[in-house]
Amino acid sequence: MRVRVLGSGAGGGFPQWNCNCANCRGLRSEALHTTARTQSSLALSADGVRWYLINASPDIRQQINAFAGLSPRAVPRDTPIQAILLTNAELDHVAGLLSLRESQPLYFYSTRQVRDWLLEANVVFRAVCSSAQRTWKIVSLSGQHELIGADGKDSGLRYQAFTVPGKPPAYLADVVSQWDEATIGYKITDARSGRSLAYVPAIKQIDANVTIVLDGCDCLFLDGTCWSDDELVVQGLAQKTALSMGHVPISGPDGSLAKLAGLRIARKIYTHLNNTNPLLIEDSPERRTVEEAGWEVAFDGMDFAV
Ligand SMILES: [Zn+2]
């Protein structure tokens, strides 16, 4: 299966439009060894022709234009994008759907809760799903299933959706009382090779259920939003901690680096990096720490086969 990172930044991207933190400032002035990142999204393909996206970032138009594999190939209207799988209803993962509203067959996948939040609590998203050419599939939260796209054919990929500890999106926090299906991860398996990739860009806590799913995957993309829980507080940017935003920090005894140290995963990659994260700086001590622990840091345009 071919894997293409369309975006690797957290909400706001890097640099963020209104942020003058040390990282954003250092990127703009070219004083730091780092590169800009659009908001996170991943594209997968078993045949190199039909593509399946996980999440639709507000930068999706720029991301599609930056990757020729996603260009239309037939006239008059066409896209190789068959389906979009959503992990949650956070704006940086769903706002891009609004850019895909022109007439074009597409499949969407999410939990029932995320679909209801988008289409019922946020009426503007009905524009995305208003035509008969659009199909919204509710993912089963157990077992492995064929991933089917707009062409109705087997993608050659199988998906497993699994809930992870999370929270409702901030814009719904005052409205909803339940969020048991708010956040999921996906394990995608190539039916032919049997090789698998897990994508978990948002997770609040690494628990036993999650480690069981992740163990043995050939590749893992994991929530790398913040290096430390109080990163935004210490930098004077906000009073929000990483955990309060639904993201387990990387460092610390309960951090993802320590919690996943014993798992057998060939390729481990942090993605969804917030602009405050020192991992963005290629020669930072934190970057060296994760690389020595066998992790990579995702970047826009990262492209490889699993
Ligand atoms: Zn910043």
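This passage describes the zinc site, the nonpolar cores and a set of paired strands in a predicted model. Because the model is predicted, local features were required to have pLDDT of at least 70 and side-chain atom pairs pLDDT 80 or more, whereas totals for chains, interfaces and linings use all residues. Residues are numbered from 1 along each chain as its sequence is written, and side-chain values use heavy atoms, with hydrogens and water left out.

The zinc ion has as its protein donors Cys19 (SG), Cys21 (SG), Cys24 (SG) and Asn275 (OD1), lying 2.3 Å from the ion; donors are N, O and S atoms within 2.8 Å of the metal (3.2 Å for Na, K and Ca), and since water is not among the atoms, sites may look incomplete. The four donor atoms subtend angles of 105 to 116 degrees, and the site is tetrahedral (for four donors, all angles between 85 and 135 degrees). For reference, the ideal angle for four tetrahedral donors is 109.5 degrees. Along the sequence, the donor residues follow the spacing C-x1-C-x2-C-x250-N. Of these donors, both Cys21 and Cys24 are buried (under 20% relative accessible area, 1.4 Å probe, protein chains only).

The largest nonpolar core (a set of buried Ala, Val, Leu, Ile, Met, Phe, Trp, Tyr and Cys residues joined through side-chain atoms within 4.5 Å) holds 32 residues, of which Leu214, Leu220, Leu222 and Val290 touch the most other members. At least two residues of this core are supplied by each of α1 (22–28), β10 (196–200), α5 (208–214), β11 (219–223) and β13 (295–297), where helices (H or I, at least four residues) and strands (E, at least two) are DSSP runs numbered from the N terminus. The largest share of this core, three residues, comes from α5. Apart from this core lies another, of 30 residues, including Met1, Tyr199, Cys219 and Phe221.

Strand β4 (residues 81–85) is largely enclosed by the rest of the structure, because five of its five residues are buried. β4 pairs with strand β3 (residues 51–54) in the parallel sense over four bridges, pairing being assigned if DSSP finds at least two bridges between two strands, and Leu85 in β4 is the bridge partner of Ile54. β4 also pairs with β5 in the parallel sense, over three bridges, with Phe108 of β5 as the bridge partner of Ile84.

In helix α4 (residues 112–121), the buried residues are Gln113, Val114, Trp117, Leu118 and Leu119. These buried residues pack against α3 (91–94), β5 (106–110) and β6 (134–138), contact being heavy atoms within 4.5 Å.

Terms used
Tetrahedral: all angles 85-135°; square planar, octahedral: opposite > 155°, others 65-115°. Buried < 20%, exposed > 50% of the residue type's maximum accessible area, 1.4 Å probe, protein only.
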